[in-house]
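Me: I am a first-year student, and I should like a close look at a single part of this structure. Please take one strand, describe its surroundings, and then connect it to the rest of the model.

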Amino acid sequence: MDAGRVVLVHDWLTGMRGGEKCLEAACRRWPGAPLHTLFYTPGAVSPAIEACDIRPSVLNRLPRSSRYYRYLLPVIPLAAGWQIADADLVLSFSHCAAKSALAPPGVPHVSYCFTPMRYAWHMRDQYFRRGLKARAVDVLLSRLRDWDRRTADRVTHFVAISRTVQARIRECYGRESVVIYPPVDTAFYTPAPVPREDFYLVVSAFAPYKRFDLAVEACTKLDQPLVVIGTGQEAAKLKALAGPTVRFLGWQADEVIRDHFRRAKALLFPAEEDFGIVPVEAQACGCPVIAFGKGGATETVNSRTGVFFEVQTVESLIDGIQRFEAEQDSFDPKASRKSALPFRQERYEAELFGFIDTAMGMNSQRAA
């Protein structure tokens, strides 16, 4: 298919996180394709993405918008809803607004859905504090849910990143979807012949729903060494909670993260994630995982590769860490590596592009 006939849409391009790694494969397949997005920070994404014809929304013209774009949530529906004039396929990668793109009549719109808007549907309290403005926030989120539900009708084929998200798509949009797990670079994230060291590890952006506070408080109470890799809006709060055994490294290059996966005693993963690439990257390096037993981690971690804790409380995580300590010798790095391999990049591309080819073929048959 000609790159000019494929139109890509992504919520925002302000860094290389899991969603951008999913988009990257499409950018490699269709180099130079038009790529619509709300916000774009030049140089913040990979060369493959940068090679596309990136078309940011009018909101991107606001001064320093890449620093506060999350606060523009109320006006995002006004800037999204791209009306695509010429395409044989619209492919969106969406957790917020990208799936609102409107394809030409009769043209398939395949949406790779990271989740329905989590702050509007499932995680209101994690993103917005209760207080005097709570009523205004509730009204805003109600309107966002209505808009999110309506624009779901613009998608002809939903692809969910996990069974967890598949259930949310059914609940929020009343739509069915297929599950295609995101890619993990298992050729890069590999074990190494180095010993495990006496520290736990957390890796991610410091968003409230990630619940890094649980990891920091648990390790502080247990007097256990914890290395924290990441940065974000919760940084000051986390540092205030931390005791002397907690070290903050800020954001680090992939090579540094891989080195820590190879040496850490275990990864702590206290979030209820849509999928969660980090636990799979850790397992690809042979690293065990102590994870909250809900959400995407339940689809990637098993009893041979990690331990689950049941409630998002410090006490429950402490219990999980103590159970891991008691069973530590039973976790086999080879089993962790084996568990990660089904999520490799090649599998993702074969499944996603195979699904798109099928959708295009079905559309051509209907047109005939």
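Reply: What follows is a description of strand 8 and its partners, then of the nonpolar cores, and finally of the salt bridges.

Please keep in mind that this is a predicted model. Strand 8 comprises residues 200-203. In a regular strand the side chains alternate between the two faces of the sheet. In strand 8, Y200 and V202 point one way, while L201 and V203 point the other way. Y200, L201, V202 and V203 are all buried.

Consider next the partners of this strand. Strand 8 is joined to strand 9, residues 226-229, by 4 bridges, and the two run parallel. Within this pairing, V203 stands opposite I229 of strand 9. The chain passes from strand 8 to strand 9 by way of helix 9, which spans residues 212-222. This β-α-β crossover is right-handed. Strand 8 also pairs with strand 11, residues 266-269, through 2 bridges, and these strands likewise run parallel. Here L201 has L267 of strand 11 as its bridge partner.

The nonpolar cores come next. The largest one has 69 residues, and those with the most contacts inside it are L8, W30, F93, Y112 and F261. Helix 15, residues 345-367, supplies the largest share of this core, namely 7 residues. One of the residues just named, L8, deserves a closer look. When its neighbours within four places in sequence are left aside, L8 is in contact with L23, A26, C27, W30, A33, P34, L35, H36, C52 and L91. Apart from the largest core lies another, of 26 residues, and V202 of the strand described above is among them. This other core also includes F212, I290 and L317.

The salt bridges complete the picture. Side chains of opposite charge can pair when their charged atoms come close. A search of the whole structure finds 21 salt bridges. In one of them, K21 pairs with E281, and the closest N and O atoms are 3.4 Å apart. K21 lies in helix 1 (residues 18-29) and E281 in helix 12 (residues 277-284), so this salt bridge ties together parts that are 260 residues apart in sequence. K21 counts as partly exposed, because its relative accessibility is 23%. E281, with a relative accessible area of 6%, is buried.

Helix 1 also holds a salt bridge between E24 and R28, with an N to O distance of 3.6 Å. These two residues are separated by about one helical turn, because they are 4 residues apart in helix 1. E24 is buried at a relative accessible area of 18%, whereas R28 is partly exposed at 40%.

A further salt bridge joins R263 and D259, at 2.9 Å from N to O. Both residues lie in helix 11 (residues 254-263), where they are 4 residues apart, about one turn of the helix. R263 counts as buried at 18% relative accessibility, while D259 is partly exposed with a relative accessible area of 32%. Elsewhere, salt bridges that share partners join R5, D86 and D88 into one network.

To return to the strand with which this account began, strand 8 runs parallel to strand 9 and to strand 11, and its residue V202 belongs to the core of 26 residues.

Methods
Residues numbered from 1 in each chain as written. Predicted model: local features only at pLDDT ≥ 70, side-chain atom pairs only at ≥ 80, totals over all residues. Heavy atoms only, no water. Salt bridge = Lys/Arg side-chain N within 4 Å of Asp/Glu carboxyl O. Buried < 20%, exposed > 50% of the residue type's maximum accessible area, 1.4 Å probe, protein only. Pairing = 2+ DSSP bridges. Right-handed = clockwise from strand over helix to strand, strands pointing away. Core = buried A, V, L, I, M, F, W, Y, C linked by side-chain atoms within 4.5 Å. Contact = heavy atoms within 4.5 Å.
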